[in-house]
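Reader: I'm new to reading protein structures. Could you walk me through this one, a question at a time?

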Amino acid sequence: MTAPSREQLHTNELLPYAEARLEGYLADLAGLVAIDSGSYSPAGVNRMADWTQSRLLRLGFDVERFAPDPPHGHPVGDVILARKLGDLPVEQGGRRLLLVAHLDTVFDDGTAAATPFHLDGHTARGPGVSDDKAGLLAGITALEILEEARAGQYAELVFLATPDEEIGSPASRPVTEAAARGVHFALALECARENGDLVVARKGVADFRVSVTGRAAHAGIEPERGANAALTAAHLVVALQSLNGHWDDVTVNVGVVRAGSRTNIVCPEAELRVEVRSATAAGLAAAHRAIESAVARPAVSGTTATVEQLDLCPPMEDTPASRRVFDRARRIAAGLGINLGGAATGGVGDANFIAGLGVPTLDGLGPVGGADHTPEEWLDTSTVPARVALLASLIADLGDSRTG
Ligand SMILES: [Zn+2]
């Protein structure tokens, strides 16, 4: 095999390199699936981190490894943040790319032994086989074949592996956001959708707490001196639920309602928890304003209501810039015989935080898998060579702006 030229990266020149690594890939995948790495099992996540660290060191990356601060006191495993400078500086057209995968799964300790890695024809099964062990491994393998083929120029590659994605990345989010600042593109290594689509958009999620304060009074003797917070809250439930349908792509869910403690007291306080999802930051902001205006007009006189935003995960929006990255992936995929689609999803991931900073981001760049978070989770191993070749070619393509 001769090293492919930059122009040949749009064809399938890297496919033979990926095909030659399939056997090793499957052996590595079996090893990774055998590790229980639930988000709440830092020891297992750290074994995943050990593996990732050693492979990145072998590739010549500078590897930082540390335990991110757990904001709610629940310890998580280590973050791997690795960097490698290329030989094409930004001034000469090189680009900085961020690759991101996660080390954790949703499965408890013991799952790997109870339902071990299993290969049946082209279908691999086991906890985390698709989400995200195959994706992590695809990222490492793509970098290895670029190295082997001496292909691909770039200014810098940043490889980030997070330990807590499956619980919303509470500890690693600041690390991810810091890593994303200053990169030109980001590629997230979740597996492709069941039908092979990449993920071009993910909804954002905002959580709110609405607090209603009323006035307690004896419900039998002098109820007129009270102000019923539960009644104001009930009106707010109706008002907020009726926001559904006001905007395309914005959903509002009052998921928690709490009020009062005794039947003989006019209810003095109530609380609602509300979740808003939208494909756009503008949609989330519009819903936030609508909640604020509903809260400003409590139905029961003598009650007051306030709203507080608890959590905000920005959407990964389908922007013109991210579309251009997708179009480049599509072109490369066509050379591999893949008719690549792009899907939008309501689920969130680390890609949301990166895209929220304005970085053009594409997700779903692992092989094709599905049934994530269930005992039936599967990976179609026949898709591994082409998807790894696609990823490697896309890294090479995006890393060198002179190719675009
Ligand atoms: Zn995942």
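**A guided look at the model**

Author: Happy to! Keep in mind that this is a predicted model. Let's start with the metal site.

Reader: Which protein residues are the donors of the zinc ion?

Author: Look for the atoms lying 1.8 to 2.4 Å from the zinc ion. In sequence, the donor residues follow the spacing H-x28-D-x58-E. The donors are His102 through NE2, Asp131 through OD, and Glu190, listed with OE twice.

Reader: Is the arrangement of the four donor atoms around the zinc ion tetrahedral or irregular?

Author: A tetrahedral site needs all angles between 85 and 135 degrees. Here the four donor atoms subtend angles of 56 to 148°, so the arrangement is irregular.

Reader: How many residues apart in sequence are the parts that His102 and Asp131 tie together?

Author: His102 belongs to strand E3 (residues 96–102), while Asp131 belongs to helix H5 (residues 129–148). The pair therefore links parts of the chain whose separation in sequence is 29 residues.

Reader: Is His102 buried or exposed?

Author: A residue is buried when its relative accessible area is under 20%. His102 has a relative accessibility of 1%, so it falls below that cut-off. Asp131, at 5%, is also buried. The word for His102 is buried.

Reader: Which helix gives the most residues to the largest nonpolar core?

Author: This core holds 69 residues, and Phe159, Leu362 and Ile395 touch the most other members. The greatest contribution, 11 residues, comes from helix H11 (residues 384–399).

Reader: How many residues are in the second, separate core?

Author: Val210, Val212, Leu272 and Ala305 are among its members. The count for this second core is 24 residues.

Reader: Why do the buried residues of H7 lie on the same side?

Author: Helix H7 runs over residues 229–241, and its buried residues are Ala229, Thr232, Ala233, Leu236 and Leu240. They are on the same side of H7 because, around the axis, they cover an arc of only 100°.

Reader: What covers those buried residues of H7?

Author: Both strands and a helix take part, including strand E10 (204–213) and strand E11 (250–259). Also included are strand E12 (269–278), helix H8 (281–295) and strand E13 (304–313).

Reader: What separates the C-alpha atoms of Leu59 and Lys84?

Author: Leu59 sits in the loop between helix H3 (42–58) and strand E1 (62–66), and it is buried, with a relative accessible area of 7%. Lys84 is one of its contacts, as are Ile140 and Leu143. Although Leu59 and Lys84 are 25 residues apart along the chain, their C-alpha atoms are separated by 8.8 Å.

Key:
Residues numbered from 1 in each chain as written. Predicted model: local features only at pLDDT ≥ 70, side-chain atom pairs only at ≥ 80, totals over all residues. Heavy atoms only, no water. Donors = N, O, S within 2.8 Å, 3.2 Å for Na, K, Ca; no water. Tetrahedral: all angles 85-135°; square planar, octahedral: opposite > 155°, others 65-115°. Helix = DSSP H or I, 4+ residues; strand = E, 2+ residues; numbered from the N terminus. Buried < 20%, exposed > 50% of the residue type's maximum accessible area, 1.4 Å probe, protein only. Core = buried A, V, L, I, M, F, W, Y, C linked by side-chain atoms within 4.5 Å. Expected span 1.5 Å × (residues − 1). Arc of directions from axis to C-beta. Contact = heavy atoms within 4.5 Å. Lists of a residue's contacts leave out its neighbours within four places in sequence.
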